[in-house]
Amino acid sequence: MIRVKVPATTANMGPGYDVLGMALSQYSTFQCQEDDKISLSIKGLESEKLVNQDHEANLVVRSMNHLFKYVDKYPKGYKLEIINDIPLARGMGSSASAIVGGLLVANYLVGANLNQDEILKLATQIEGHPDNVAPALMGNIVLSTKAPDDQVIYHSIKPFDDLTCVIFIPDYDVSTSMSRAVLPQSISMADAVHTSGHLSLMLAGFMTGNKDLIGQTMVDRLHEPYRKSLIKNFDDFKASALEVGAFAFSLSGSGSTIIAYCDHDSAPHVKRAFEEVSQKYSISGTSKIIAPCSQGAVCEVV
Ligand code: HSE
């Protein structure tokens, strides 16, 4: 049997829309073994939202089928168990974890031996953009972009030692499709130049551990201004986090989770600040201190 543990991710990180993401230390697990027939069991967080879905509609199963078709190898059957621990439709990479988990168990099941770059290529074909699937697969912060022939060019950045995040996961969800639908079809040259400048300098900040530089440059003009209206009290959460020591703040992926970047000492204060805002405005949800994850997806044959 193969067991694959895949981390949650936060994508975009401000100005890195569709090209930047970071793995977080919260995981879903996918277990699979050959069988005579196909069977699927789903347990864990919000599993009630997935269990009644048609088998073929399940994203893990769809990702497995994508790989089987790509390598033209099909198992007779399999027993798949999904243990979910990543909230669904909250901007924490639940889809990416399902895709990466499905591809890695399928890779093992039919002995396809696809390497990391090929898995990333298939994952990006399914997801449409590489920013969540790349760190889910590789861990750390990953900058990635699509190239001709569906190849993905990427570069990993190890987060500096005392980088800690605080997330607020609202109980309400925001689907990625809804959150992409509010975005404009085109942007101005001024916004494009703003984005390339801010993203480049922010990456320099993450590479060198320069928190001031990250704080100055985690400013987005491609998606956050349009998506803010979908996120309750975005500006209040942001102001509260920066007030008590976070050096930067962004929407996580397409939301609804929001994320503050801080160090170990300020993290408990930021968590408390998030709790106070959520209580003040009656927004139910969970505040949590969460560390970046350096390892990415881990496969274990058991
Ligand atoms: N980059 C994606 C978005 C992440 O912001 O829509 C969510 O899948």
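## Ligand site and helix H1

In this predicted model, the residues around the ligand are Asn-12, Tyr-17, Asp-18, His-129, Asp-131, Asn-132, Thr-176, Arg-180, Arg-227 and Ser-254. Three of these side chains have polar contacts with the ligand, listed here.

| Side chain | Ligand atom | Distance |
|---|---|---|
| Asn-12 (N or O atom) | oxygen | 2.8 Å |
| Asp-131 (N or O atom) | nitrogen | 2.5 Å |
| Arg-180 (polar atom) | oxygen | 2.6 Å |

How much of the ligand's accessible area does the protein cover? On its own the ligand has 260 Å² of accessible area, and the protein covers 96% of that.

Now for helix H1, which runs over residues 59-71. Its 13 residues, at 1.5 Å a residue, should span 18 Å, and the C-alpha atoms at its two ends sit 19 Å apart, so the expected and modelled spans agree.

Just at the start of H1, Asn-58 points a side-chain oxygen at the backbone nitrogen of Val-60, coming to within 2.8 Å. After the helix comes Asp-72, and its phi is positive, near 55°.

Which residues of H1 are buried? They are Leu-59, Val-60, Val-61, Ser-63, Met-64, Leu-67 and Phe-68. So Val-60 turns up twice here: its side of the story includes being buried and having its backbone nitrogen approached by Asn-58.

As for what lies over those buried residues, the cover includes three strands, E2 (20-34), E3 (38-44) and E4 (78-84). Helices H2 (94-109) and H3 (116-127) are also part of that cover.

Terms used. Residues are numbered from 1 along each chain as its sequence is written. This is a predicted model: local features need pLDDT of at least 70, side-chain atom pairs count only at pLDDT 80 or more; totals for chains, interfaces and linings use all residues. Side-chain values use heavy atoms; hydrogens and water are left out. Helices (H or I, at least four residues) and strands (E, at least two) are DSSP runs, numbered from the N terminus. The expected span of a helix is 1.5 Å times one less than its number of residues. Buried means under 20% relative accessible area, exposed over 50%, partly exposed in between (1.4 Å probe, protein chains only). Contact means heavy atoms within 4.5 Å. A polar contact is a pair of N or O atoms within 3.5 Å; within protein, one must be able to donate a hydrogen and the other to accept it, and residues adjacent in sequence count only if both atoms are side-chain atoms. A residue is near a molecule or strand if one of its heavy atoms lies within 4 Å of it. Accessible areas come from the Shrake-Rupley method with a 1.4 Å probe; for residues, only the protein chains shown count as cover.
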